[in-house]
Structures are given as C-alpha cells and as structure tokens.
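Good morning, and thank you for coming. I would like to take you through a structure that is new to this group, one region at a time.

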Amino acid sequence: MALSLAKSTLFSNPTSYFPKNGIRSFGFLVPFSSFSTSSPFLAVDGVHGHKKRQSSVVASALELGGVKISKDEIVRDDPTNNIPDTIFAKLGMQLHRRNQHPLGILKNAIYDYFDTNYPDKFDKFDDLCPIVSVRQNFDEVLVPADHVSRSYNDTYYVDSQTVLRCHTSAHQAELLRNGHTHFLVTGDVYRRDSIDSTHYPVFHQMEGVRVFAPNDWEGSGTDATSHAAEDLKKCLEGLARHLFGGVEMRWVDTYFPFTNPSFELEIYFQDQWMEVLGCGVTEQEILKRSGKTDNVAWAFGLGLERLAMVLFDIPDIRLFWSTDERFTSQFSSGQLGLKFKTFSKYPPCYKDMSFWISDSFTENNLCEVVRGIAGDLAEEVKLIDNFTNKKGMTSHCYRIAYRSMERSLTDEEINDLQWKVREQVENKLKVVLR
C-alpha cells in the first residue's frame, strides 16, 4: 500500500493523512481496481501517455489507458466536483516514468534494488489510472467512513463516487484479487494541500507488497506476523543502505489503519534523524477480502519527492515540474544523487491579506484559490496573525510569497495577481476582506 510520509498519506509522515511535518511519503489509502459503475470512466484502466512539456494552456482532452477523456468530464460545474484546471493539466504527465528526471531516476534505483535482491519476484506497475472509485481509494484499505481524508477539503472528487487517487494503495486490493503476491506500484497522487516548499497538490508515491504462504513461516520457529515483520525490516534496511549508503537507522512503532504492527524507518542523515518510509504487516481483513485467508503480508510506502529532494539537494518541490533546461539538463539516467545546482536567485515578493473568516473557511480552500490564479508563482501561503474580537468574529492574516524560479516578476504582475486573489477569495470563500 502506498504508505504516506508522516502518516499523512497514512503510512509516512509528511505526505499523508496523519501528518507530522514535511512532505508526504506514503499513502496507505486505497487500492485501484475498476471504476465504480456510476463512474463515467468505467473503461479506463491505465495511464500510458504523458506530455513531455507542460503547456501554459490547459488541454481540452487527454488519453488515459488509450481512452480519450475530455476536460469537461473531469472539471465540471457540479457541487460534487472540486477539480480545477490546474490539476487536470497534470493528469497524464507521469514524471516518474521519465528516466532522466529525478523521480524517474529514484524509481529505477529502487527497482534495481528489488531486481538484485529478489530476482523475478516483484511485478512492477507505474501506469495505472489515477481516476479511481471511492471504494478503491478508501473502503478497500479500511479508511473509516468519518475519516478526514474523505472530505472535499482534502481529496479531489470527480463526482461523489469517483476521485483522483490520494495514494497508490488505491490499486492494492485489485492487484491482490488478480493473483499478484509481490508487487511495486508507482504513480502520481493528488491531495488538496498547503502551499510551501515541501507540499504540492500532485506528488508521487511507491508502495510495495509481499504476500507469504504458510510454508514460508511454518519452519521458521516464529509465528506468521513475526516472520513477516522480520522480513519487512530486513528488506527495507537494505533499501535504505542502497539509497543512502551506510547510515545509522532506527525503527519507530506507530499506527496505521491498514497494518498491525506498524513501523516507521528513520535514518541519521546530514546530522539529523529523517523518516524514510512507513510500513507494517497488512491487516488480515484486507487479505481476507482479497481471498487470501491463509496468508500474511507486509506493505510499505514512500514519497518519491521527499527522498529525491534529500538525495539531489532540490530545495523546492515545484522544481520537479520545471521544463527549464537549467533544471532538466542537470540530471542523467542512472545517476542517483547528483547534487542540484541552484540557478534561480530571483527575490520573492510578499503580499498580505486579512479577512474575517466564515464557519466554512479552510486553509486548503484558500490555497486552491491562490494556486488557481498564481499557479507555481505562489511559493508559500502562511498564516501570520489571527484574533477573535468581542463579537466572536475571527480574523486571519495570510502572507503570500510570489516567486518565479525562472525570471524576475514585475510589480505590475504581482499586483494583478494579488488583486485577482483578493477578489476570488471574497467571492468563493465567503469571507469579508479587511
């Protein structure tokens, strides 16, 4: 399952639904299968093509699994749809399938580890369709019905029964039902999120799953759960050494709804402890529902951006989407850990905005408005002040940092963006500007 970093995606700290700090790494959320029968995407079963360059104009259609999908089917004027043009533009780009991109280089390095240590064992999937059913994304990985990750504030909904996957775990149950017992799933995942250097509404995850049969543990002298946990830790300690060298490691007990016991692996790297991934022994209910009543399994999940930012010294998550040759030319296929040389020295421009919030206000909604207008020129949105007056009205003051990594922005550009942001925030979020 795709465990998210820092439990935000559910398996790891930063990019998950039980977050600590930083970028999400896992998404132990849900398995991909076929779409819900109520979904207009029933025939779509994979994503194969990708754009090599991001266009400033949002395409009117794209192909997913060989089926053409129009923008009107994904971005709708419908109360159950919250997908903006900027997110539709990222569908099908699949940065993780580009061998000279940092994410593709990292993915292939992980593949190399599994191919060397488990020859011909693990099936690899990196082109599964990111449009999945609510059942796949949540129900099949035991996410509670009232969990915050299901809300429209956190997840991109196509309609009430169809979402853009929040984690690569959305494909786990389907793959288990189809008979796969060892597999790695890599893909782009989508979450409504804050704006800063380590968070982006589209990021990439990899999850791994290994299933054991009774004859695997019966002669080991340990019970099934202990056998799976020991094998899991041995595998992932080897992966950490493969990526980071001879680093000090430690295991931390934690909680995920889809594994028991559950762990996080931390390494001592660059003078600090850093979480690498989340993992655990798969809950038996998940295996039972997939027809594997006599088996045990382990699963792990990691966020590619989080690890790539550390390995390549990439300071801002927006850079992964850059088509600037000063970025793209620095990386070569198979060269893990080449250090990125910063080329942008352009200064940020800060604009503050204060308003009285309504009961329905959320910071994620604010960030969606800012991103929809400024795109990747929005570097950070940060709450710098808040108070409640004697009438019980609460005021928030946010500071927006605008910066291009490729050129200097003019005062006219920034003022125009800020005026549009203020107008849309007032109209869409039902707040009162101060």
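What follows is a tour of two sheets, the helices that pack around them, and a pocket. Please keep in mind throughout that this is a predicted model.

I begin with the sheet of 7 strands. This sheet is open, its pairing is mixed, and its strands follow the order β3-β7-β8-β12-β11-β10-β9. At the edges stand β3, residues 123-125, and β9, residues 248-256, each of which pairs on one side only. Direction ignored, neighbouring strands in this sheet are turned against each other by 20° on average. In general, strands of a sheet pair through backbone hydrogen bonds, and they may do so in parallel or antiparallel fashion.

Within this sheet, let us look at one pair. Strand β8, residues 202-212, and strand β12, residues 296-303, run antiparallel and are joined by 8 bridges. As an example of the register, E207 stands opposite G301 in β12.

Strand β10 offers a backbone detail. P261 has its place in β10, which covers residues 259-269. The peptide bond joining N260 and P261 is cis, with omega at about 0°. A second backbone detail is at Q94, in the loop between α2 and α3. Q94 is a residue other than glycine, yet its phi is positive, near 45°. For context, most residues other than glycine have a negative phi, and most peptide bonds are trans.

From that loop we pass to α3. How do the axes of helices α3 and α9 cross? Helix α3, residues 102-117, and helix α9, residues 304-312, have axes that come within 10 Å and cross at roughly 100°; α3 is therefore roughly perpendicular to α9. On the α3 side, the contact is made by P102, L103, I105, L106 and I110, while α9 brings L304, E305, L307, A308, L311 and F312. By class, this contact has 10 nonpolar residues, no polar ones and 1 charged.

I turn now to the other sheet. This open sheet has 4 strands in the order β14-β15-β13-β16, with antiparallel pairing. Its edge strands are β14, residues 378-388, and β16, residues 432-433, and each pairs on one side only. β16 is joined to strand β13, residues 349-356, by 2 bridges, and the two run antiparallel. One bridge partner in β16 is L433, which faces F355.

Two helices accompany this sheet. α11 packs on the sheet and touches β13, β14 and β15, its direction making about 140° with that of β14. α12 lies across β13, β15 and β16 and runs at about 20° to β13.

These helices lead us to the last topic, the second largest pocket. Which elements each supply at least two residues of its lining? They are α2 (85-88), α11 (363-374) and α12 (411-429). The largest share, 5 residues, comes from α11. In total, 18 residues line the second largest pocket, and N82, I83, P84, E368 and K428 lie nearest its centre. The lining has 7 nonpolar, 6 polar and 5 charged residues. The space in this pocket is about 470 Å³.

To close, I would ask you to remember α11, which packs on the sheet of 4 strands and also gives the second largest pocket the largest share of its lining. Thank you for your attention.

Definitions and conventions. Residues are numbered from 1 along each chain as its sequence is written. This is a predicted model: local features need pLDDT of at least 70, side-chain atom pairs count only at pLDDT 80 or more; totals for chains, interfaces and linings use all residues. Side-chain values use heavy atoms; hydrogens and water are left out. On a 1 Å grid over the protein atoms alone, a cavity is a set of points where a 1.4 Å probe fits but cannot get out, and a pocket is an open set with protein on both sides within 12 Å along at least five of seven lines; lining residues have an atom within 4 Å of a point. Grid points are joined across faces, edges and corners, and a volume is the space filled by probe spheres set on the points. Ala, Val, Leu, Ile, Met, Phe, Trp, Tyr, Cys and Pro count as nonpolar, Asp, Glu, Lys and Arg as charged, and the others, Gly among them, as polar. Axes are lines fitted to C-alpha atoms, for helices over the stretch in contact, and angles run from 0 to 180 degrees between N-to-C directions. Angles under 35 degrees count as roughly parallel, over 145 as roughly antiparallel, 65 to 115 as roughly perpendicular and the rest as oblique. Contact means heavy atoms within 4.5 Å. Two strands pair if DSSP finds at least two bridges between them.
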